[in-house]
Amino acid sequence: LTDTGRNQYVVLVDGKPLRGKVTPPSGRSAVELVSGPPRGEHTVTLYKLTEPLVGEATLHGFILDKYGEALPTPARSERRIEIIGDSISTGYGNEGNDPSCGFSPETENHFVTYGARAARELGAELVTLAWSGRGVFSNRGSTTETETMSVLWERTLPSDAASAFDFKAPAPSAVVINLGTNDFAPEVKDTTPFGPAFDALFASVRGRYPEAHIFITLGPLLRDDATRPSYTEAKTVLTSLVEKKTAGGYKLVDFFEFGRVRSDEGLGCDWHPTEKTHRRMAGELLGALRSELGW
């Protein structure tokens with residue numbers, strides 16, 4: 001593969017992590033994934049733990065030793081989940097010790113995020129489209145990073161505007177939109193565009209996936225404080241949007257919110273959810289998926 005030298009991976013053999021994290025060197029190289037497995041059939045997975053902020057990776061192929069044989073790809077699961085999110089969904093800082101640490105590839109682990117845990121429990125395929133700091137209409141008020149997840153989710157490579165995804169792959173059964181935290185960041189002075197922007201994103205997702213059940217969610221970090229009732233404002237917008245869609249005849253849309261981060265769960269880097277919080281969130285998402293899709 002070709003890598004930036006910063007991305008982190010875990011190797012799974014038959015669904016179980018084999019060893020600690022793998023960080024390939026910068027450039028193109030061959031990286032040993034498995035050595036000396038027992039004779040028989042095995043599924044080997046190279047699972048990327050880090051987000052596009054860390055850089056792109058190109059997988060050129062796999063090399064087998066003289067005793068190995070590539071078998072046909074197993075049948076794909078009929079259960080498919082797509083998550084459109086931000087740093088919460090990427091796993092930013094979920095392996096950090098406390099809020100004092102900043103971003104690093106070493107403390108970001110998507111494998112233990114709420115989405116990944118829920119998908120494994122359900123035997124579902126998961127695609128997570130997420131980038132830290134991005135929102136629906138604003139990326140924490142940035143004037144330089146202006147492309148939001150409303151734009152990036154339709155790309156194959158988010159940093160490449162020409163890489164439009166063709167949407168020919170099997171559509172997801174469920175789409176979880178977990179955005180809004182960065183739109184209500186302190187740097188964003190005017191949040192009134194949030195509602196229309198989220199409505200437009202919903203329309204785009206529904207247009208691409210007309211039969212998917214869309215879950216509009218409220219993440220666990222927004223709070224009301226003396227400067228702005230961010231939690232209340234975001235919840236009001238999202239619940240109102242779902243109510244209008246339902247009243248207008250949409251049947252495959254629901255709102256649910258993840259519980260707020262609890263004191264006993266601690267906080268990861270830059271005040272992000274810890275692995276403990278992600279584990280609890282996975283249970284909440286599982287409940288919604290099972291209830292609405294019968295999984």
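This tour of a predicted model visits a strand with its two partners, and then a pair of packed helices.

**Stop 1: strand β2**

Select residues 9-13, which make up strand β2. Is this strand enclosed or open to the outside? Five of its five residues are buried, so β2 is largely enclosed by the rest of the structure. Now show the side chains. In a regular strand they alternate between the two faces of the sheet. Here one side of β2 carries Tyr9, Val11 and Val13, and the other carries Val10 and Leu12. Both faces are covered, and each of these residues is buried.

**Stop 2: the partners of β2**

Add residues 44-48, strand β5. β5 pairs with β2 in the antiparallel sense, over five bridges. To see one position in this pairing, pick Val10 and look across to Tyr47, its bridge partner in β5.

Next add residues 16-17, strand β3. β3 is also antiparallel to β2, with two bridges between them. Which residue of β3 is the bridge partner of Leu12? Select Pro17.

Stay with the hairpin that β2 and β3 form, where two residues lie between the strands. Select Asp14 and check its backbone torsions: phi is positive, near 55°.

**Stop 3: Gly195 in helix α4**

Move to residues 194-208, helix α4, and select Gly195 within that helix. Its relative accessible area is 18%. The cut-off for buried is under 20%, so Gly195 counts as buried.

What does Gly195 touch beyond its neighbours within four places in sequence? Show Val237 and Leu241, with which Gly195 is in contact. For a distance check, draw a line from the C-alpha atom of Gly195 to that of Val136: the separation is 9.2 Å, for two residues 59 apart along the chain.

**Stop 4: α4 against α5**

Display residues 230-247, helix α5, together with α4. The axes of the two helices are 10 Å apart and meet at an angle of about 45°. α4 and α5 are therefore oblique to each other, and their crossing is right-handed.

To see the contact itself, select these two sets:

- In α4: Phe194, Gly195, Phe198, Asp199 and Phe202.
- In α5: Ala234, Val237, Leu238, Leu241 and Lys245.

Colour the contact residues by class: seven are nonpolar, one is polar and two are charged. Gly195 from the previous stop is part of this contact, as are Val237 and Leu241.

How values were computed: Residues numbered from 1 in each chain as written. Predicted model: local features only at pLDDT ≥ 70, side-chain atom pairs only at ≥ 80, totals over all residues. Heavy atoms only, no water. Buried < 20%, exposed > 50% of the residue type's maximum accessible area, 1.4 Å probe, protein only. Helix = DSSP H or I, 4+ residues; strand = E, 2+ residues; numbered from the N terminus. Pairing = 2+ DSSP bridges. Contact = heavy atoms within 4.5 Å. Axes fitted to C-alpha atoms, helices over the stretch in contact; angles between N-to-C directions. Parallel < 35°, antiparallel > 145°, perpendicular 65-115°, else oblique. Left-handed = near helix turned anticlockwise from the far one by under 90°. Nonpolar A, V, L, I, M, F, W, Y, C, P; charged D, E, K, R; others polar.
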